[in-house]
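Here are a few short exercises to work through with the model open in front of you. Try each task before you read its solution.

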Amino acid sequence: ENRTFTMIKPDAVESGHIGAILEQISASGFKIVAMKLTQMTQHDAETFYAVHKERPFFGELVEFMTRGPIVAAILEKENAVEDFRTLIGATNPTDAADGTIRKKYAKNVGENAVHGSDSNENAKIEGDFHFAGREQF
Ligand code: ATP
C-alpha cells in the first residue's frame, strides 16, 4: 500500500506550525491526496481513538484533540505508513530522533504535534473517517 493518514494536532496548529510541517512532509516525498482544516467533536475523537478507551489518558486525549482545529490529510508515497512514522518520530518527543517532526514541534507525549497511521488497514479506516471518496484524489 502507498497511503497513510495524518493529523496536524491542535497544539501544532495553535503554535503556527502548519506551514513548516507541511513543508517537511512534502520535502520528504509525500504527495497530499486529501486535506482540510477541521475540528473534531467529542464524538469524533471518542470514535477515532476508541482503541485507547481503557487507557488512563483517554479523557485527556479526547479533550486535547477537540480543543481546536486540526489539519487532516491523506498522504501518498511508496511505503507510506512506515516512512511517515519514521518522519514524525517517537510518540514522546523526548525519545524522538533529531530532525523528526515531533522532536521539532511536539510539546510532550500527549501534545505531540502530529498523528500517523500505524498500519495500512488503519490508514484506510482513518482516511475514510475524515474524507468522502470524492475528496480523496
Ligand atoms: P498517533 O496514534 O497519534 O500517531 P502514536 O501511535 O505514536 O500516536 P499511541 O500510543 O497510539 O501513539 O497514542 C495515541 C495518542 O495518545 C498519542 O499520539 C498521544 O497524543 C496520546 N498519548 C499517548 N500516550 C499518552 C500519555 N501517556 N499521556 C497522554 N497522552 C498520551
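**Exercise 1.** In what order do the elements of the protein chain run from the N terminus on?

Solution. Start with the ground rules: residues are numbered from 1 along each chain as its sequence is written. This is a predicted model, in which local features need pLDDT of at least 70, side-chain atom pairs count only at pLDDT 80 or more, and totals for chains, interfaces and linings use all residues. Helices (H or I, at least four residues) and strands (E, at least two) are DSSP runs, numbered from the N terminus. Reading along the protein chain then gives β-α-α-β-α-α-β-α-α-β-α, with 7 helices and 4 strands.

**Exercise 2.** Find the residues that surround the ligand and sort them by character.

Solution. Take residues whose C-beta atom, placed from the backbone, lies within 6 Å of the ligand. The shell consists of F57, E60, L61, T91, V109, G110, N112, H115, G116 and D118. Next, look at the elements: α4 (58-65) and β4 (114-116) each supply at least two of these residues. Finally, sort them into 3 nonpolar, 5 polar and 2 charged. Here Ala, Val, Leu, Ile, Met, Phe, Trp, Tyr, Cys and Pro count as nonpolar, Asp, Glu, Lys and Arg as charged, and the others, Gly among them, as polar.

**Exercise 3.** Does D95 count as buried or exposed?

Solution. First locate D95, in the loop between α5 (80-88) and α6 (101-105). D95 has 12 C-beta neighbours inside 10 Å, so it counts as exposed (20 or more other C-beta atoms within 10 Å means buried, 12 or fewer exposed, in between partly exposed; C-beta atoms are placed from the backbone).
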